[in-house]
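I opened a fresh notebook page for this one. Here is what I looked up, in the order I went.

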Amino acid sequence: MDLMLTDKVAMISGGSRGLGFHIAKDLVGEGCHVAISARGEERLIQAVDELNALGGGRAAGLAGDITEQGVPDAFLRKTLDTFGGVDILVNNVGGSNPKAFLDITDEEWREGFGFNLYHAVTLSRLVIPEMKKRGGGSILNVASIYGRESKGAMTYNASKAALISFSKGLAQQTAQDNIRVNSIAPGSIIFPGGVWERRVNEAPDGLKGFIDAEMPLGRFGRPEELSAVAVFMVSPRASLVHGACWNVDGSQSRSNI
C-alpha cells in the first residue's frame with residue numbers, strides 16, 4: 001500500500017533512538033523527509049547519518065532538550081530552513097520517575113508534566129500555523145497504556161493521561177483546518193539502551209514472572225511493531241483516524257476502551 005508520504009516533511013522529538021528512531025526510519029523509507037531532535041549530539045549525528053543512508057527521504061537533526069525554552073522554536077526553524085515546511089509532528093519524548101507519592105517533590109511533578117505533556121503542547125502550537133499553510137497535516141502524540149488505565153509511576157500515569165486528553169481536545173479544534181491529531185499508546189517495548197532492556201538485565205529471572213503475568217503474547221513488543229502503526233496513523237491513508245488513541249500492546253492492557 002502506498003501511504004502517500006513521498007516528499008512530506010515530519011518532525012519527531014526524541015528521534016535518535018528507540019521508538020522515535022524507528023518511526024523516523026519507517027517514514028524515510030516511505031519517501032518522507034524527517035527532522036529529528038535529541039539531547040545527545042553524538043547519537044543524533046549517527047542517527048541522521050543512518051537515516052540518510054537508507055535512501056528515500058532525507059533527514060536532518062537538532063541537538064537540544066526539547067523541554068527547555070527556545071529549543072522547540074529552534075527545532076521548527078531547523079525543519080523549515082532544511083525542508084521548507086512541515087506536514088507531520090510526532091511528539092515522542094517522554095519518561096518515568098518511579099517514586100511513591102510522598103517522595104515526589106513539586107519540582108518532580110513539574111518535570112514529569114514538562115517531559116510528557118508540555119513539550120507536546122508547545123510544539124503543536126508552533127507547527128499548526130505551518131501546517132495550515134500546506135492545507136493540513138497530522139500530529140501524533142506518543143502516550144502509553146499507562147495513561148489509559150491506572151498503573152505505572154504516578155507522575156507518568158497522570159501526565160500521559162493528560163496527553164491523551166490534550167490530543168482529543170486539540171483534534172476537535174483542528175479538524176476544520178484538515179489537521180488530524182491522534183495519540184498512540186504503546187505497551188512495554190524493548191530496544192537496545194531502553195528502560196526495559198536494563199530492567200531485564202538487572203532482574204535475576206529476566207522479568208519472566210512479569211512477562212508471564214502481564215503479556216499474553218509472552219514477550220515484549222518491538223519498536224518496529226509500534227512504528228508500523230504510527231506511520232500509518234500519520235499518513236493520508238488514515239484520513240478518518242482523528243481524535244483517536246490506539247493501543248499497540250499485544251493485549252497487555254486491561255481497559256475495555
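Where is Phe101 found? I traced Phe101 to the loop between β4 (88-91) and α4 (106-133); helices (H or I, at least four residues) and strands (E, at least two) are DSSP runs, numbered from the N terminus.

A note to self: this is a predicted model, where local features need pLDDT of at least 70, side-chain atom pairs count only at pLDDT 80 or more, and totals for chains, interfaces and linings use all residues. Residues are numbered from 1 along each chain as its sequence is written, and side-chain values use heavy atoms, without hydrogens and water.

Next I checked exposure. Phe101 counts as partly exposed because its relative accessibility is 49%; buried means under 20% relative accessible area, exposed over 50%, and partly exposed in between (1.4 Å probe, protein chains only).

Then I turned to the inside. The largest nonpolar core (buried Ala, Val, Leu, Ile, Met, Phe, Trp, Tyr and Cys residues joined through side-chain atoms within 4.5 Å) has 35 residues, and Met11, Phe75, Leu89, Val127 and Ile139 touch the most other members. I saw that α4 gives the most to this core, with seven residues.

I followed Val127 further: leaving aside neighbours within four places in sequence, Val127 is in contact (heavy atoms within 4.5 Å) with Met11, Leu76, Val86, Leu89 and Ile139. A second, separate core of 34 residues includes Leu3, Ile23, Leu51 and Ala230.

Last, I looked at α6. Its buried residues include Tyr156, Leu163 and Phe166, and the buried residues of α6 pack against α4, β5 (137-142), α5, β6 and β7 (245-248).
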